[in-house]
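Here are my notes for a first look at this one. Keep the viewer open and follow along point by point.

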Amino acid sequence: MRTIQIEDFDDWRAKARKLIGNQVPPSEVQLFDRDGQQSLFGDPSDLDEASGATFRVSREFVSLAQAVGYHRDFNRWNLLYRTLWRIKTDQPHLLEIETDPDVHRLIQMEKQVRRDAHKMKAFVRFRKVERDEKEYFIAWHQPDHRIVRRVAPFFSRRFKGMNWAILTPDESVTWDQSELHFGPGVTRSDAPGFDELEDLWRTYYANIFNPARVKVKMMKSEMPVRYWKNLPEADIIADLLTDAPKRVEEMIQQHEGFEQTAINFIKPTEGESFTLATLKEMAIECTACDLCRDATQTVFGTGPVEAKIVLLGEQPGDQEDIAGVPFVGPAGKVLNEAIDNAGLDRDKLYLTNVVKHFKHIETNTEGIPNGKRRLHQKPNAREVRCCRPWFDAEWSCLEDAEFLVCLGETAARAILGPGNKISEVRGRLLSTDYCAKTIVTWHPAAILRSPRESHRQEKMRELIKDLALAGV
Ligand code: URA
């Protein structure tokens with residue numbers, strides 16, 4: 001039996017290529033993480049280098065294997081190798097058999113990694129510290145899987161012009177506005193190189209500590225007490241709590257505060273896990289942006305947690321605002337028709353919106369403000385950003401979701417990023433940070449608004465076609 005150490009996915013790929021090329025069956029090899037339990041490492045250096053050279057695997061398998069490589073499961077490299085072996089020897093279409101135990105497990109693992117990566121993107125909270133007239137943004141996060149390297153490029157793109165660090169127990173990553181640097185996980189004992197960061201963190205924590213929001217129970221659930229001992233700020237928490245009332249008074253005087261987003265209303269319970277029902281409860285209270293002032297209520301998503309298809313709209317309309325349920329007004333009727341024609345069952349879909357409050361102005365029948373009619377207004381970028389944590393949290397609950405359908409431009413931009421035009425992305429199957437199968441299609445309201453019948457019919461046909469794609 002060979003025992004081989006694996007560093008990461010690229011290393012696994014190179015070694016698996018060699019092993020397969022040399023026809024080493026999975027029963028004769030054990031592949032372990034660098035920091036796995038095995039202490040004796042082998043290297044397939046005795047194998048013929050050239051035999052793997054012509055080796056080809058499908059893009060689908062590579063993408064699956066890449067994701068699974070970030071999973072914490074100790075046995076993942078062996079499982080991947082066994083699957084690859086089976087594909088290469090006698091089952092070229094193995095990945096299509098989702099009931100096969102190996103394939104099933106790999107798909108599950110891929111989903112778990114995607115979810116975890118998504119949670120990291122959604123819930124990492126940077127806090128600002130200033131030092132030597134420079135700003136740093138530091139976040140602590142505890143992912144379920146070893147996803148730091150998978151997710152770090154996302155943060156470098158999104159926060160390109162900032163110096164930031166994300167600290168996790170597995171490893172840490174810093175960005176200096178040009179390169180990512182990976183370092184050890186953060187615990188006191190093994191992080192001498194992090195002294196400065198620890199200082200920064202402590203300074204930061206004292207700076208950002210918002211005494212007006214102190215909730216000791218929540219602090220404990222967000223940052224479980226068992227980790228406090230490892231965290232630089234732990235020894236100042238007690239002092240800060242003692243000073244809290246005075247600081248609140250000062251803050252009120254100085255109008256200090258942070259940009260609110262819905263994240264402040266998402267209060268993790270045990271171990272940061274939510275359910276759709278608890279999220280919906282929390283969302284009732286959301287006052288993160290001004291839209292809550294004129295809306296009747298928060299309109300949260302609806303549908304079964306096991307939904308495979310998720311439909312994302314823009315924001316509730318007039319009737320949704322009153323009913324408290326998405327897509328029950330005129331646009332909802334068009335959507336229902338399209339759903340039926342696409343052969344889908346609305347009861348099996350999860351329907352939600354990017355923004356959870358109805359944005360509108362009140363006009364008279366001539367469109368003059370201050371009347372009784374409530375005229376829909378498009379949410380702005382700040383409102384979308386502010387509300388996004390709700391969708392992020394919903395999405396992290398929808399573990400079986402396989403297809404994300406963005407209805408209209410607001411949803412498309414929220415998921416794909418700004419600048420995406422419906423006319424350019426509609427109807428194409430896209431892989432996004434949220435979902436490997438994402439599709440953008442017409443918003444049903446755009447169909448209603450189209451001035452010409454022929455345009456309405458054409459858009460409806462396209463909406464049905466795009467929805468049907470999600471159903472296959
Ligand atoms: N339009 C939307 O985007 N969502 C709704 O829920 C209703 C209309």
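**Notes on the model**

1. Start with a stretch to treat with care: over residues 188-197 the pLDDT stays under 50, and the model gives this stretch 18 contacts beyond four places in sequence. Bear in mind that this is a predicted model.

2. There's another such stretch at residues 251-258, where pLDDT again stays under 50. Here the model has six contacts beyond four places in sequence.

3. How does the protein chain do overall? Its mean pLDDT is 82, and 77% of its residues reach 70 or more.

4. Now the general layout. The protein chain has 18 helices and 14 strands. Of its 472 residues, 50% are buried. If you take the contacts between residues at least 6 apart in sequence, 69% of them join residues at least 24 apart. As for the outside, the protein chain exposes about 24,100 Å², with carbon and sulfur atoms supplying 49% of that area.

5. Helix α3 (residues 76-89) is a good place to zoom in. Does its length fit what you'd expect, or not? With 14 residues at 1.5 Å a residue, α3 should span 20 Å, and its end C-alpha atoms are indeed 20 Å apart, so the two agree.

6. Is α3 enclosed or open? Of its 14 residues, 11 are buried, so the helix is largely enclosed by the rest of the structure. The buried ones are Arg 76, Trp 77, Asn 78, Leu 79, Leu 80, Tyr 81, Thr 83, Leu 84, Trp 85, Arg 86 and Ile 87. What covers them includes the strands β1 (2-6) and β2 (29-33), along with helices α1 (9-21), α2 (59-68) and α4 (101-123).

7. For a contrast, go to Ala 381, which lies in helix α14 (residues 381-397). Its relative accessibility is 60%, and the cut-off for exposed is over 50%, so Ala 381 counts as exposed. While you're there, look for Pro 418: the two residues are 37 apart in sequence, and their C-alpha atoms are 9.2 Å apart in space.

8. Finish at Val 472, in the segment after α18 (453-471). Is Val 472 buried or exposed? At 84% relative accessibility, Val 472 counts as exposed. Together with Leu 429 and Leu 469, Val 472 forms a nonpolar patch on the surface, and the three have about 310 Å² of accessible area together.

Definitions and conventions. Residues numbered from 1 in each chain as written. Predicted model: local features only at pLDDT ≥ 70, side-chain atom pairs only at ≥ 80, totals over all residues. Heavy atoms only, no water. Helix = DSSP H or I, 4+ residues; strand = E, 2+ residues; numbered from the N terminus. Expected span 1.5 Å × (residues − 1). Buried < 20%, exposed > 50% of the residue type's maximum accessible area, 1.4 Å probe, protein only. Contact = heavy atoms within 4.5 Å. Patch = residues over 30% accessible without salt bridge, like charges linked within 9 Å, V, L, I, M, F, W, Y side chains within 5 Å. Areas by Shrake-Rupley, 256 points an atom, 1.4 Å probe, with all protein chains shown as cover. Salt bridge = Lys/Arg side-chain N within 4 Å of Asp/Glu carboxyl O. pLDDT = per-residue confidence, 0-100.
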